[in-house]
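This note sets out some points on the charged side-chain pairs and the pocket of the structure shown below. Please read the points against the coordinates.

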Amino acid sequence: MIGLIAYLGHALAALLFGILAVTEMRAGRHDRARYILAAACAATSLWAVTSAAWGPGDLMTGHAETLRNVAWLGFMYALLRRAEGTRRMLSLRAVYAALLLAAAVQTGIGVSVYYGSGDAGLSVLLMQATFVMRMMFAIGALLLVHNLYVAAASGARPGWVADGGTRRVFCL
């Protein structure tokens with residue numbers, strides 16, 4: 001039953017992200033960030049298809065997940081480049097480069113496990129290293145999302161605003 005729910009959920013996600021990718025590509029404005037968003041949605045759709053078809057533990061699903069993560073990282077970088085006056089651009093580029101390196105190492109380790117020598121202990125160790133790389137990527141991406149949120153103009157994002165008194169009200 002859980003497998004059927006996971007299959008249907010991934011199939012629905014693939015359909016919806018595919019529709020979103022096509023919608024973004026057909027939008028009237030021609031903007032680099034819009035095209036990168038469409039590519040990220042398409043990569044997410046591909047990941048959902050592979051996850052529904054072969055399951056989350058398959059090598060192709062792992063590669064599709066890495067492609068999805070790198071595509072969304074590219075979209076965040078495109079948003080960062082649009083922001084004017086970023087003083088920490090060099091350090092942020094280093095974080096982006098480190099995340100790309102982590103994705104490349106994760107892919108290399110995944111391939112080496114799949115085509116490995118057959119040593120069970122080494123395979124377990126390499127799989128654990130892959131999971132560590134995925135966690136490092138997720139943590140770094142969360143840091144970058146936080147940076148984008150902080151860099152956004154206060155009027156362009158939801159958050160806490162003063163209501164005229166001493167209270168602060170959360171509004172969307």
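1. The model is predicted. Within helix α3 (residues 59-82), Glu-65 and Arg-68 are 3 residues apart, which means that about one helical turn separates them. Their side chains form a salt bridge, with an N to O distance of 3.8 Å. Glu-65 and Arg-68 are both buried.

2. Glu-65 has a further partner in Arg-134, and the closest N and O atoms of this salt bridge are 3.4 Å apart. Because Glu-65 belongs to helix α3 and Arg-134 to helix α5 (residues 120-151), this salt bridge ties together parts that lie 69 residues apart in sequence. Through shared partners, Glu-65, Arg-68 and Arg-134 are joined into one network of salt bridges.

3. The burial classes of Glu-65 and Arg-134 deserve a comment. Glu-65 has a relative accessible area of 17% and is therefore buried, as buried means under 20%. Arg-134 has a relative accessibility of 24%, so this residue counts as partly exposed.

4. How many salt bridges does the structure hold? The total is 3. One of them pairs Arg-34 with Glu-24, whose closest N and O atoms are 2.8 Å apart. This pair links distant parts of the chain: Glu-24 is in helix α1 (residues 2-25) and Arg-34 in helix α2 (residues 32-54), with the two residues 10 apart. Both Arg-34 and Glu-24 are buried.

5. As general background, side chains of opposite charge can pair when their charged atoms come close.

6. The largest pocket should be described alongside these pairs. The space within the largest pocket is about 240 Å³. Its lining consists of 16 residues, and those closest to the centre are Gly-57, Asp-58, Leu-59, Met-127 and Arg-134. Arg-134 thus appears both in this list and in the salt bridge with Glu-65.

7. Which elements give two or more residues to the lining of the largest pocket? They are α3, α4 (89-114) and α5. The most is given by α4, which supplies 5 residues. By residue class, the lining of the largest pocket comprises 8 polar, 6 nonpolar and 2 charged residues.

8. In summary, two subjects merit attention when the model is inspected. One is the salt-bridge network of Glu-65, Arg-68 and Arg-134; the other is the largest pocket, with Arg-134 among the residues closest to its centre.

Technical notes. Residues are numbered from 1 along each chain as its sequence is written. This is a predicted model: local features need pLDDT of at least 70, side-chain atom pairs count only at pLDDT 80 or more; totals for chains, interfaces and linings use all residues. Side-chain values use heavy atoms; hydrogens and water are left out. A salt bridge is a side-chain nitrogen of Lys or Arg within 4 Å of a carboxyl oxygen of Asp or Glu. Helices (H or I, at least four residues) and strands (E, at least two) are DSSP runs, numbered from the N terminus. Buried means under 20% relative accessible area, exposed over 50%, partly exposed in between (1.4 Å probe, protein chains only). On a 1 Å grid over the protein atoms alone, a cavity is a set of points where a 1.4 Å probe fits but cannot get out, and a pocket is an open set with protein on both sides within 12 Å along at least five of seven lines; lining residues have an atom within 4 Å of a point. Grid points are joined across faces, edges and corners, and a volume is the space filled by probe spheres set on the points. Ala, Val, Leu, Ile, Met, Phe, Trp, Tyr, Cys and Pro count as nonpolar, Asp, Glu, Lys and Arg as charged, and the others, Gly among them, as polar.
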